[in-house]
Amino acid sequence: MWRCWGVLLTILLPSGWLLHDAPALSVRTDTMPQGAAASPDGRELAVVEAGFNPATLGLYDAHSLVRVASIPLWAAFGRPIWLDARRVLVAGAGNQSLLIVDTTTHVLQRIRLGAGTYPIAVARAGDTVAVASDDDGNVRIGSLRTIAKAKPVHIGTHPGGLAFSGDGRTLFAADRSGNSVKAIDVGTLAVRSIPTGLHPSDLLVVNDRLYVANSDDDTVGVYRTSDAQHMTDVFVGDAIGAMRLSGVSPNALAWANGSLYVSLGAANSVAVIRNERVVGRIDAGHYPTDIVALGDRLYVIDGKGEAVPANPRFDVFSRSNVDYVAAIEFGSIRAYTLPTAIGAGSAQGSTGWRQTAPADTVIRSNGPIKHVFFILKENRTYDQILGDIRAGNGDTKLCFFGAKVTPNQHAIAQRFGLFDNAYTNGEVSDAGHNWSTAALANDYVERNWPQAYGGRADGDDVVEGFGAAAPHNGYIWDAAARAHVSFRDYGEMVDFSGRFPTSAVVTAPTLAGRYDPKYVSWNLDYSDVDRYREWKREFDAFVQHGDLPQFEYIWLPNDHTYGSRPGKPTPAVYIAQNDHAVGLMIQAISHSAVWKSSVVFIIEDDSQDGADHVSAQRTTMYIASPYARGGVQHTHYTTASLLRTVELILGMRPLSTYDAMAVPLYAAFGTAADLRPFEAIPTEIDMNARNKKHAYAAHLSSTLDFSHPDAIAPGILRDIIAHNRAFQP
């Protein structure tokens, strides 16, 4: 989506942020470029392109940015290192190896580190190299000949960047899962810990200074290399007045001509630091991941490129990943001439920035709305569900589960408002659940989910609510606690480990004591209607006793579906079951004494499992409240918009820059209350329908992993759903 904003051509991202158009010298890469390095002669850039698509080492002419070569790696991670004029060293990630790539012959030499290593970062000082491996949390130091058998030094659960001191005697290694950098004596392997900000990522040594990008504190720490003395922290984030916001994700560092350049992934920009203060920002593409300073040029490597592309070739009847959102989220390289590129940057790039609240809005603290219910669902696009509503911007050809399957969602949209311009901030569930609970997917999440979804990661821990994936301000329930808002969780970040419904444990430590232990989280063999019944058991008791929590967060996951596995409910049954549970919840609330002071927000965590003619990230979004204005709402809203609206109602501070700057739902609410209750609508389809043994891809479905959301290759499930849908539009 393009807009002319003043004299600049800008792109409106699904997140609602504005992206300034790329400079003349720019080029597209493959998915999620992770890091880059210039050749010794300065003529080429080597770029590790390692996202959803199989990894490659892209070689680009540094003068023209013409792609010289694309060398298949299958899996890789991090920033490469040039060993000499023709060889490049790459951390091989899922290859469980270091990769030495000959850029002339394209021959790969593997230095195998063994299963359970997963190399993610490399560094070099003369003939000495170091590698950090994520699976075992170790660093190994040695020559290329000895590194495979070098003694491992444990750093933490998830190592980050590496950097040698100027004399090569000390290796600095970031503990990305915590808040420290380990200083390792190269000769003795003795380790000392240096306290840093939260989740240090990239490291850079310049003369006698060590710079640390603290990716979840929005700071760059400055240390003396000789004794690790902390000198200062430079804040590179955003602020509203005196209030510092959180969530620009500093993730890469470069030095040129007395200036430190800091890639700000989540702010789509590069901060410029001189004399330990920020002097400006340079506009980047979507989610920069690395920067390379070369001569009078600065090359910005953008993990998500120059916009979210349209997907007109998306075919739900195909098992291929053609036009799948993660497969077409290509990166880019931008080249800027220094220092003229330095300016204000795009820190305030949201369409919601400085939006003024209407004087009489009910979206305010201490207003008429006292109780907020947030319902999270799984993976549907707008067109899949609501494309059959003529009043909205839908495509009937893409509507798989229209009014016959989802009568309640259609009725909710008809009465309370049809939102045909709403988007998920996350592309897939890994990112989507973080966006839906924290208003941010931090740098660890953004770099790792494409690998996991591409089938090249050894593990996936980005939705567990602790460690490297946990952002600075935590999650929405943490914001509620800070504001003394009572909270109850139903299913989100709760693990039943296959022993439901009596042994639930929370994966997010801060949820302890604030969740329903009898509410079943992810398990497709358990009905969403039964989830509704358990939620209603507590709801009725809370209302009766007058202690209903001010904020309830409810996960209804079964619209994900089970594909065509024999004996399981058909995809249409799963969608209808989910729809009925939503209708029953709103019916229960609207028939209760708290209806006059309530609002229900409903959204998908992502929209990856369907086609949409506007955007692969456009989704269904609903509200239900006596104060809902109704009608067709064309305002651009996002996941962060809903969270911001919740915060404004309950008097909670924003979690990140994204919800702080998001467009609240002011326009969707009036001031007069319509207290008529909502009546749930039974579906017209046969809820006992089960997949037959001869159903399309039935045998394939029987082999798929449904143990957690998005555990299977995305194209496969879309294909099965498309062939086994119960109704044609």
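## A salt-bridge network and its neighbour D516

In this predicted model, R488, E534, R537 and E538 are joined in a network of salt bridges. Each of these four residues also appears among the contacts of D516, which touches R488, D489, Y490, E534, R537 and E538 when residues up to four places away in sequence are left aside. D516 itself is placed in the loop that runs between β39 (505-506) and α6 (528-545).

Which side chain of opposite charge is nearest to D516, and how far away is it? That side chain is R537, at 4.1 Å, and D516, although buried, has no salt bridge. The reasoning rests on the cut-off, because a salt bridge requires a side-chain nitrogen of Lys or Arg within 4 Å of a carboxyl oxygen of Asp or Glu. A polar atom of the D516 side chain does, however, lie 2.9 Å from the backbone nitrogen of K518.

## Salt bridges between separate parts of the chain

Side chains of opposite charge can pair when their charged atoms come close. For the model as a whole, the count comes to 31 salt bridges. One of them is formed by the side chains of D102 and R86, with an N to O distance of 2.9 Å. Because D102 lies in strand β11 (residues 97-102) and R86 in the loop between β9 (77-82) and β10 (87-91), this pair ties together parts that are 16 residues apart in sequence. With regard to accessibility, D102 counts as buried at 15%, whereas R86, with a relative accessible area of 37%, is partly exposed.

A further salt bridge is found between R334 and E306, whose closest N and O atoms are 2.6 Å apart. Here R334 belongs to strand β33 (residues 330-337) while E306 sits in the loop between β32 (297-302) and β33, so the pair ties together parts that are 28 residues apart in sequence. R334 is buried, its relative accessible area being 0%, and E306 is partly exposed, with a relative accessible area of 21%.

## A pair with both partners buried

R618 and D612 also form a salt bridge, in which the closest N and O atoms are 2.9 Å apart. Are the two partners buried or exposed? R618 counts as buried at 0% relative accessibility, and D612 likewise counts as buried, at 2%.

## E647 in helix α8

E647 is placed in helix α8, which covers residues 639-650. The residue is buried, with a relative accessible area of 1%, and its side chain makes a polar contact of 3.2 Å with the side chain of R644.

Leaving aside residues up to four places away in sequence, the contacts of E647 are I476, M652, R653, P654, L655 and D659.

## Helix α4 and the residue that follows

How many of the residues in helix α4 (residues 443-453) are buried? The helix is mostly covered, since 10 of its 11 residues are buried. The buried positions of α4 include charged and aromatic side chains, among them D443, Y444, E446, R447, W449 and Y453, and they also take in V445, N448, P450 and Q451.

Just after α4, the backbone at G455 adopts a positive phi of about 80 degrees.

How values were computed: Residues are numbered from 1 along each chain as its sequence is written. This is a predicted model: local features need pLDDT of at least 70, side-chain atom pairs count only at pLDDT 80 or more; totals for chains, interfaces and linings use all residues. Side-chain values use heavy atoms; hydrogens and water are left out. Helices (H or I, at least four residues) and strands (E, at least two) are DSSP runs, numbered from the N terminus. Buried means under 20% relative accessible area, exposed over 50%, partly exposed in between (1.4 Å probe, protein chains only). Lys and Arg count as positive and Asp and Glu as negative; His and the chain ends are not counted. A polar contact is a pair of N or O atoms within 3.5 Å; within protein, one must be able to donate a hydrogen and the other to accept it, and residues adjacent in sequence count only if both atoms are side-chain atoms. Contact means heavy atoms within 4.5 Å.
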